[in-house]
Amino acid sequence: MSKRSKTSARILLSRGIPSIFFLTVVFFHLKRNLILLRNQGNNDFSSIVAHNAFEPPHTKTPFLRNVEKNLAKETNPPKSFGEQKKLRIQSRGGISSRELAWDWEWIEDISSEIGCPEVDSEGIHADDPKGYTNIPTAETWNALYRAYHATVDPNNELMPATEYQNSWKVPIEVKFKLPEGRGVYAKEFIPKGTMVWSSTSRNTATFLSHHDRREFIKYLMKDPKTRHLACDVRNWVDVVHPPNMETFVVCETFDEAVLLNTWDENKEDEINLDTKSLSLSADNPDFDKYDCYENDHYFAIRDIQAGEQLRIEYTSG
Ligand SMILES: C[S@@+](CC[C@H](N)C(=O)[O-])C[C@H]1O[C@@H](n2cnc3c(N)ncnc32)[C@H](O)[C@@H]1O
């Protein structure tokens, strides 16, 4: 090889190969960022993530790492309980008909199997030896929370609380008086306009499937200590049609609000509570957008004296 050729080869080795290597690195870097920009334009980051999922982390540029971090936030944002509930109702579908949600036929069968006391709109039968005379305590409500969490399919669970919460904003007590049976009484004077109770997913269970609700009732029936509660929960239930949904869900409150009686048509003054949906701001501790009852709350429509029974208007579901 001539001296000239040797010099050319040396130049090629010392400058050309590093240049080719440099250009190759620049080429792949640009190619990757072009894909990124193109996908950013389409608002579609999925291919980038898929592409990079197989690369060791050290090969990712800080820019790409940042995009991935933002994407992870976007696709997996921390979900509030309310958001989880909405997604679950949407994905599980709820119950297809109102009739199925009430499940009256099955409820009638188990009522006669247990021998539940008769209840009608006229009140509790005074001479019924098995009448609803039991005054629930925190332990009673806790038994319902336990039954719910023990039976409801985990994918359908929409109640974060596992034990009784006192959701009353005013002091109350439960007493038994005929003909209505158990009722809720004010322990102190309540001024007109006071909010006395509000529904949240902490005190109100949601059943998304008719099977779950049956399992819940059967669970209560198995234990002699809670068997009578299977009769009670029949009367404490409500069927709700969530907004923008074709299907139904079953709401069951696990506290004294289920014992609120209504008023006698001939005694108009008796009614003292009304219900409204809350328009709470998100920072309010009671804010719970996807509560079964849409954050319904009861408020005093007039001054209520200490010792007076709290009464609501019943609405048919
Ligand atoms: C949701 S429960 C209320 C709690 C019920 N008192 C109890 O002890 O379980 C509804 C039932 O209470 C009774 N009730 C409510 N308001 C009444 C009223 N003003 N007069 C007679 N009975 C009433 C009816 O038997 C009704 O079906």
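Visitor: Before we start, what counts as a buried residue here?

Guide: Happy to begin there, and please keep in mind that this is a predicted model. Burial is judged by counting other C-beta atoms, placed from the backbone, around a residue's own. A residue is buried if the count within 10 Å is 20 or more.

Visitor: With that in hand, what percentage of the chain's residues is buried?

Guide: The chain has 317 residues. Its secondary structure comes to 9 helices and 10 strands. Of the residues in this chain, the buried ones make up 25%.

Visitor: Among contacts between residues at least 6 apart in sequence, what share joins residues at least 24 apart?

Guide: Take the contacts in the chain whose two residues are at least 6 apart in sequence. The share of them that joins residues at least 24 apart is 73%.

Visitor: Let's turn to helix α8. Which of its residues are buried?

Guide: Helix α8 covers residues 210-222. Its 13 residues reach 19 Å from the first C-alpha to the last, close to the 18 Å expected at 1.5 Å a residue. What covers its buried residues includes α5, α6, α7, β6, α9 and β8. The buried residues themselves are H210, D212, R213, F216, I217, Y219 and L220.

Visitor: How is α7 placed against α8: parallel, perpendicular, antiparallel or oblique?

Guide: The axes of α7, residues 138-151, and α8 come within 9 Å and cross at roughly 130°. An angle under 35 degrees would count as roughly parallel, one over 145 as roughly antiparallel, and one from 65 to 115 as roughly perpendicular. The crossing angle falls in none of those ranges, so α7 is oblique to α8.

Visitor: Which residues make that contact, and how do they divide by class?

Guide: From α7 come A147, Y148, A150 and T151, and from α8 come D212, E215, F216, Y219 and L220. The crossing of these two helices is right-handed. By class, the residues of the contact divide into 6 nonpolar, 1 polar and 2 charged.

Visitor: And α8 against α9: is that crossing left-handed or right-handed?

Guide: These two helices pack at an angle of about 145°, with their axes 6 Å apart. I217, L220 and M221 of α8 make the contact with R227, L229, A230 and V233 of α9. The residues of this contact divide into 6 nonpolar, no polar and 1 charged. As for its hand, the crossing of α8 and α9 is left-handed.

Visitor: How many residues of helix α6 are buried?

Guide: Helix α6 runs over residues 104-114 and is hardly covered. Among its 11 residues, the count of buried ones is 0.

Visitor: Which residues of α6 and α9 meet?

Guide: The axes of α6 and α9 come within 10 Å and cross at roughly 145°, in a left-handed crossing. By class, the contact has 5 nonpolar, 1 polar and 2 charged residues. On the α6 side are I107, I110, S111 and I114, and on the α9 side are R227, A230, C231 and R234.

Visitor: Which residue in the loop between α5 and α6 has a positive phi although it is not a glycine?

Guide: The residue has a positive phi of about 55° and lies in the loop between α5 and α6. It is buried, with 20 other C-beta atoms within 10 Å. The residue is D103.

Visitor: Is C116 buried or exposed?

Guide: C116 is found in the loop between α6 and β1. Not counting residues up to four places away in sequence, C116 touches S111 and C231. With 20 other C-beta atoms within 10 Å, C116 is buried.

Visitor: Where is P179, and is the peptide bond from L178 to P179 cis or trans?

Guide: P179 has its place in the loop between β3 and β4. The bond from L178 to P179 has an omega near 10°. That peptide bond is cis.

Visitor: What is the C-alpha to C-alpha separation of I301 and K192?

Guide: I301 is found in the segment after β10, and it counts as partly exposed because it has 13 C-beta neighbours inside 10 Å. Leaving aside neighbours within four places in sequence, I301 is in contact with K192, N272, L273 and D274. I301 and K192 are 109 residues apart in sequence, yet from C-alpha to C-alpha they are separated by 5.5 Å.

Key:
Residues numbered from 1 in each chain as written. Predicted model: local features only at pLDDT ≥ 70, side-chain atom pairs only at ≥ 80, totals over all residues. Axes fitted to C-alpha atoms, helices over the stretch in contact; angles between N-to-C directions. Helix = DSSP H or I, 4+ residues; strand = E, 2+ residues; numbered from the N terminus. Left-handed = near helix turned anticlockwise from the far one by under 90°. Contact = placed C-beta atoms within 7 Å. Nonpolar A, V, L, I, M, F, W, Y, C, P; charged D, E, K, R; others polar. Buried ≥ 20, exposed ≤ 12 C-beta atoms within 10 Å, placed from the backbone. Expected span 1.5 Å × (residues − 1).
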